[in-house]
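I opened this one up to see how its parts sit against each other. Here are my notes, in the order I looked things up.

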Amino acid sequence: MPEADQSLVIKGGRVIDATGERDADVLIAAGEIVEVGPGLKAERELDASGCVVSPGLVDLHVHLREPGGEDAETIETGARAAALGGFTAIVAMPNTEPPHDEPSVVASVLAAGARSLCDVHAAGCITEGRAGTALAPMGELHALGVRIFTDDGACVDRAGVMRRALEYARSLPGAVVAQHAEDSSLADGGHMHEGEWSSRLGIAGRPAIAESAVVARDCLLAEATGARVHFLHLSTAVALDMVRGAKARGLAVTAEAAPHHFTLTDAACASFDPAFKVHPPLRSDADVAAVKQGLADGTIDAIATDHAPHAVETKERPFEEAPPGMLGLETALAVTITELVGPGVLTMAEALALLSWRPAAVAGMTQHGQPVAAGAPANVCVIDPALTWEVDPSRLASKSRNTPYSGRALTGRVRHTVLRGTPVVVDGEPCR
Amino acid sequence: MKHLLSIADFDRDELETLLALSEDFLHVTEREIPKVPALRGKVVVSLFYEDSTRTRISFETAAKRLSCDVMSFSVGSSSVSKGEGLRDTVQTIAAMGIDAVVVRHSAAGAPARVASWIDASIINAGDGSHEHPTQALLDLLTLRRSRGSDLSGLRVGIVGDIVNSRVARSLVLGLDTLGAATTLIAPPTLLPPTLDGWPADSTHDLDELLPELDVLYLLRIQRERKSADRLPSLREYTTRWGLTVERAKRLKPDTLVMHPGPMNRGVEIAAEVAEGPASLITEQVTNGVAVRMAVLYTLLGSGAQVA
């Protein structure tokens, strides 16, 4: 392919990575960054004037729906949406049909991902069928490159099972067990946050304690087993406080938060529009403030979208009958810039850390999030931090339309994305 | 006013006007030919996704008494059972040229969603555990006819499965608009998670409050909404919160007893009490048609005087 052989220079941007910030051109050849500095030239140029040049973003939590749910998204369309969002790596969640509890399923996901516009990693199930009882073949999945194990969509409710999974994961280098912290016996039957708004709307709630009770228990299990634990999509002040305390005690606990949990509250459900239905649900003002605080003070390690496509007609059902979940890949960066960087909650560097190199570290990815320097893999994104745009669901690359930000004006947009030295997004358009 | 989705859609004047209009329609229903041409030519569709013969017939009767053309859709008899979604169903109906849709659905907010998809007036006939505005209206009319048009200061106790009750929410909102004071009386597991948005206070102790109430409104323990799962047993519920014959004796002589129906005789109310002199239960049913006529007339009428 001619493109891959061409040398490429990203010109005139401001490079921001874990080592700092500097105005510099970035020269790329044969899939690697060759040089970073002023006045560089190459066979092909990507203009980055006025833009930030960052290591490619990394999303630890994406539902690609393939196999089994291809009417909502495929690996190809999800990866395209990811690339447009500046992501060079994503972790595909295992709640597909069949789920990622079998090496053959994971192998086929990785093969499809290899042909796509993003580096698709696969999470593996903790338990067979995500049923929460018998351990999945974690070792066989680990041999295929799986590092994150989760039953996401479902919580591992039984402490005994979670304990066995944590203990066993200690024998798998780089592995981390990731929990969807929502106790089924407390949350099941609920459709939104249990609180003032669920009381007003007559909709059964999913209480905050469903999350915090599991986080408390699993921090204790992490301590008892000496294993790493990662908490998916944390949404409550109390759970974040527990993670803060666990980290202060030196436990190997990490956490992620989704953009909708630092931008939207349960009040959004007053319209009964299922665009705002998600598990864990949109919560109170105090919880949103706590998520922002957690992002600012290091308690939260990653912004992860929990990109959850659903076919249009399923999100047109009444609120209680619609499936939970929101799109996120194409809006995460812009939402972060608009709601956190703009108002000064985070610096751009801190935001990029949460979107790129810190999630890469959680997942043990060595090819992503690396400092933009000679010898590093050329997985890079170019961001226009000042471009304003309006979210139009019909113009998203995802196969689905269920974004909660429809009609919103956002600031910040990806201009180019480079994957393994090849441009996959140029001037905001995917290359294929 | 285009839709009736919640009792909170009315302010005090609008509510009192509608109740007065309902009294006028009550007189119409008592005539030999209980029909007026007020809404002739208007097409009203009843779209009932939940089983409810009495409410649907009440609405359809109300529409016919106003000379509307009435179409009736219930789940199972239509393409809904073939998997057609709610949006497609209402848009198909709307394409036939209609003026109002009366929607009953097991999901909160379904009528609100319908209102966002089509042009017709939408009337909420009960949406999940959210609201049942016309039930509250007929309850308020019943109280008004018994106690006079000024309900301010009236002390009302609502007993039972509050958390799952759309009737309770609408009634509390309506009573608050008219200046009455409501207490929710239930075991802790049947109260909403917070009282935010409920202009009422609460207690677990029915016996203590009983002698102070002007109105005792009983809710059915809803087996289909699994209220029984939140209780140790129905027997225990009856012992602690049921309107037994013994408790009925401790009511004030003029305390009114109400129930939205259908009743579980022997659970929330003793059979003898349901038929007793304090009970307004049959009047509630009668008043339903008049109140629904008033709602249809308010939403679809030209504002001219009722015949």
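My entries go from domains to chains, then to helices and a sheet.

**Entry 1: the model itself.** I reminded myself that this is a predicted model.

**Entry 2: domains of chain A.** I looked up the domain assignment, and chain A comes out as domain 1 (2-53 + 375-430) and domain 2 (56-363). So domain 1 is written in two stretches, I noted, while domain 2 has one range. I then checked the C-alpha centres of the two domains of chain A, and they lie 26 Å apart. The contact between them takes 30 residues from domain 1 and 43 residues from domain 2. Which strands help on the domain 1 side? I found that strand 16 (380-390), strand 17 (409-419) and strand 18 (422-426) of chain A each supply at least two residues there. Strand 17 of chain A gives the most, with 7 residues. Sorting the domain 1 side by class, I got 18 nonpolar, 8 polar and 4 charged residues.

**Entry 3: where the chains touch.** Next I looked at chain A against chain B. I have 18 residues of chain A in contact with 21 residues of chain B. On the chain A side, helix 7 (residues 196-201) gives the most, with 5 residues. How does that side of chain A divide by class? I wrote down 5 nonpolar, 5 polar and 8 charged residues.

**Entry 4: a helix pair in chain A.** I picked helix 8 (residues 208-225) and helix 9 (residues 237-248) of chain A, whose axes come within 8 Å and cross at roughly 15°. That angle makes helix 8 of chain A roughly parallel to helix 9 of chain A. The crossing is left-handed. From helix 8 of chain A, I listed A:Ala208, A:Glu211, A:Ser212, A:Val215, A:Ala216 and A:Cys219. They meet A:Val238, A:Ala239, A:Met242, A:Val243 and A:Ala246 in helix 9 of chain A. By class, this contact has 9 nonpolar, 1 polar and 1 charged residues.

**Entry 5: a helix pair in chain B.** Then I tried helix 1 (residues 12-29) and helix 11 (residues 281-300) of chain B. Their axes come within 8 Å and cross at roughly 120°. Are they parallel or oblique to each other? With that angle, helix 1 and helix 11 of chain B are therefore oblique. Helix 1 of chain B passes helix 11 of chain B in a right-handed crossing. The helix 1 residues in the contact include B:Leu18, B:Leu21 and B:Phe25, and those of helix 11 of chain B include B:Ala290, B:Met293 and B:Tyr297. I sorted this contact by class too: 10 nonpolar, 4 polar and no charged residues.

**Entry 6: a sheet in chain B.** Last, I traced an open sheet of 5 strands in chain B, in the order 7-6-5-8-9, with parallel pairing. Which strands are at the edges? I found strand 7 (201-203) and strand 9 (256-258) of chain B, each of which pairs on one side only. The twist averages 25° from one strand to the next. Zooming in, I saw strand 6 (residues 181-185) and strand 7 of chain B pair in the parallel sense over 3 bridges. B:Ile185 has B:Thr203 in strand 7 of chain B as its bridge partner. I also noted helix 6 (residues 166-177) of chain B, which lies across strand 5 (155-159), strand 6 and strand 8 (215-218) of chain B. Helix 6 of chain B runs at about 170° to strand 5 of chain B.

Notes. Residues are numbered from 1 along each chain as its sequence is written. Chains are lettered from A and ligands numbered from 1 in the order in which they are written. This is a predicted model: local features need pLDDT of at least 70, side-chain atom pairs count only at pLDDT 80 or more; totals for chains, interfaces and linings use all residues. Axes are lines fitted to C-alpha atoms, for helices over the stretch in contact, and angles run from 0 to 180 degrees between N-to-C directions. Helices (H or I, at least four residues) and strands (E, at least two) are DSSP runs, numbered from the N terminus. Angles under 35 degrees count as roughly parallel, over 145 as roughly antiparallel, 65 to 115 as roughly perpendicular and the rest as oblique. A crossing is left-handed if the near helix is turned anticlockwise from the far one by less than a right angle, and right-handed if clockwise. Two residues are in contact if their C-beta atoms, placed from the backbone, lie within 7 Å. Ala, Val, Leu, Ile, Met, Phe, Trp, Tyr, Cys and Pro count as nonpolar, Asp, Glu, Lys and Arg as charged, and the others, Gly among them, as polar. Two strands pair if DSSP finds at least two bridges between them.
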